[in-house]
Amino acid sequence: MVAPTPSTQAEDNPADVLLVDSRQLVRAGIERVLSDSGQLTVSDVASNCDEAIRLARRQRPQIIMINLPGSGVEVLDGASKIRRQFPDIPVLVLAEESDLIIQERLLQAGVAGCVSSLCSVEELFAAIETVLKDERYISDSLAWRLAERRLPGHEASPFDRLTHRELQIFLLVAEGKNTSAIAKELCLSRKTVNGYRNRVLQKLHMQTEVELMHLAIRHGLVRVPGTI
Amino acid sequence: MEQPIIRILLVDHQEMVRCGLQRLLNDTPQLCVVGEASSGEEAVQLSRSLKPDVVLMDVQIPGIGGLEATRRIARGEADTRIVVVASQVDDLFPIRLLDAGASGYLSKNCGIEEISNAICVVCRGERYISADIARQMALATLPGGGQSPFERLSQRELQVMLMVAQGQSVHDISEHLCLSSKTISTYRYRLYEKLGVGNDVELARLAIRHGVAGLAFQA
């Protein structure tokens with residue numbers, strides 16, 4: 001993987017980072033690590049992706065870094081929205097290592113880089129530096145696992161059959177959202193959402209929404225809070 | 001008057017967070033981070049070898065997890081205080097972790113000043129629970145608050161609830177129980193009401209959280 005090369009990008013002119021994380025303490029920790037490098041300044045912090053969009057409009061950051069806890073739904077949805085609004089700003093996502101499907105979709109949605117949320121500080125800096133150069137960054141482990149899935153004889157994931165929109169609706173259903181809430185969140189009609197939901201059930205050969213939820217939990221796509 | 005240095009073991013699953021928090025904590029003269037751990041096992045092992053005054057414990061860590069690590073450290077190291085720093089405010093966890101031997105409980109939504117304060121408080125032998133968590137625990141002590149919502153269900157309701165939580169359809173449930181679909185639907189709506197949920201998935205998630213239903217593991 002790309003070795004962290006000494007930055008030629010002027011140390012006197014640090015790059016502006018917009019950090020997205022819902023937890024104050026985590027934001028404070030990451031902010032400290034980034035700004036101590038001298039190469040980055042956290043110009044703004046947002047607790048979710050919608051807030052990030054508002055902030056980025058006001059003061060365009062050079063990179064948007066997303067580190068949201070919990071399920072990948074919010075991250076995938078939020079990062080896609082940010083990409084559509086600001087196609088020129090590189091987005092780096094720190095994703096749960098087990099969320100392979102989410103990471104793959106994030107890259108398809110156009111995020112510049114994806115690293116495990118458990119990555120080392122060194123790798124984080126390497127990733128930031130890479131995406132600031134307008135290149136894409138994929139961690140070794142993710143690249144290897146994505147490649148492995150393309151090898152012949154490897155069992156395809158059941159989610160490969162779903163479109164981006166279908167996956168999004170599948171994840172929201174698995175989180176316990178009802179049709180009205182999903183329709184509102186995605187600005188779609190209830191009828192359209194029901195159509196997607198039925199197609200998801202059909203494609204995944206399931207009868208009920210609760211079965212979808214079990215499937216999502218088994219694949220580590222959603223978590224039930226309070227369980228270890 | 002010189003106060004003794006408080007030695008801290010920092011446990012968090014994210015390296016960048018540990019790194020930043022270590023620097024922020026070390027900025028406070030009285031505090032010194034003496035070690036870092038990223039898993040439950042590592043936390044237990046380092047508590048044993050470093051004998052820190054305080055362990056700052058992340059709950060969502062790999063391996064045995066924060067709850068079990070807390071239990072083992074509390075049992076093994078009588079002089080070490082544990083302050084839990086939880087990722088999400090969750091009504092089930094504070095009690096379990098405090099029972100397991102934690103002296104402090106905060107959410108990751110707090111600032112560094114509150115963490116420093118909590119560390120000093122538990123070192124004096126007192127307990128520290130952040131305001132949001134305390135409020136939640138207080139609410140749970142009110143009538144009907146502490147009890148599991150599932151205890152209020154009748155035998156039949158419980159049966160229907162478990163089948164819904166497994167992912168069975170109304171049709172399947174009605175066949176199994178020899179009741180009409182309409183009756184099953186009535187049970188379902190009564191369950192929603194009693195459990196305060198709006199749909200089947202929410203019901204299943206609640207059941208899993210309370211350990212009433214497990215995860216279905218069929219292929």
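## Helix crossing and domain contact in chain A

Helices α7(A) and α10(A) are roughly perpendicular to each other, because their crossing angle falls in the range of 65 to 115 degrees. In this predicted model, the axis of α7 of chain A, residues 164-174, comes within 8 Å of the axis of α10 of chain A, residues 209-218, and the two cross at roughly 100°.

The residues that meet across this crossing are set out by helix below.

| Helix | Residues in the contact |
|---|---|
| α7(A) | F170(A), L171(A), V173(A), A174(A) |
| α10(A) | E209(A), L212(A), M213(A), A216(A) |

By class, the contact of α7(A) with α10(A) comprises seven nonpolar residues, no polar residue and one charged residue.

The organisation of the chain as a whole is considered next. The domain assignment divides chain A into domain 1, spanning 15-148, and domain 2, spanning 158-218. A distance of 26 Å separates the C-alpha centres of domain 1 of chain A and domain 2 of chain A. Six residues from domain 1 of chain A and seven residues from domain 2 of chain A take part in the contact between them.

On the side of domain 1 of chain A that touches domain 2 of chain A, at least two residues are supplied by each of α3 (72-85) and α4 (100-108) of chain A. The largest share of that side, three residues, is contributed by α3(A). The side of domain 1 of chain A that touches domain 2 of chain A consists, by class, of three nonpolar, one polar and two charged residues.

Note on methods
Residues are numbered from 1 along each chain as its sequence is written. Chains are lettered from A and ligands numbered from 1 in the order in which they are written. This is a predicted model: local features need pLDDT of at least 70, side-chain atom pairs count only at pLDDT 80 or more; totals for chains, interfaces and linings use all residues. Domain bounds come from an automatic or database domain assignment. Two residues are in contact if their C-beta atoms, placed from the backbone, lie within 7 Å. Helices (H or I, at least four residues) and strands (E, at least two) are DSSP runs, numbered from the N terminus. Ala, Val, Leu, Ile, Met, Phe, Trp, Tyr, Cys and Pro count as nonpolar, Asp, Glu, Lys and Arg as charged, and the others, Gly among them, as polar. Axes are lines fitted to C-alpha atoms, for helices over the stretch in contact, and angles run from 0 to 180 degrees between N-to-C directions. Angles under 35 degrees count as roughly parallel, over 145 as roughly antiparallel, 65 to 115 as roughly perpendicular and the rest as oblique.
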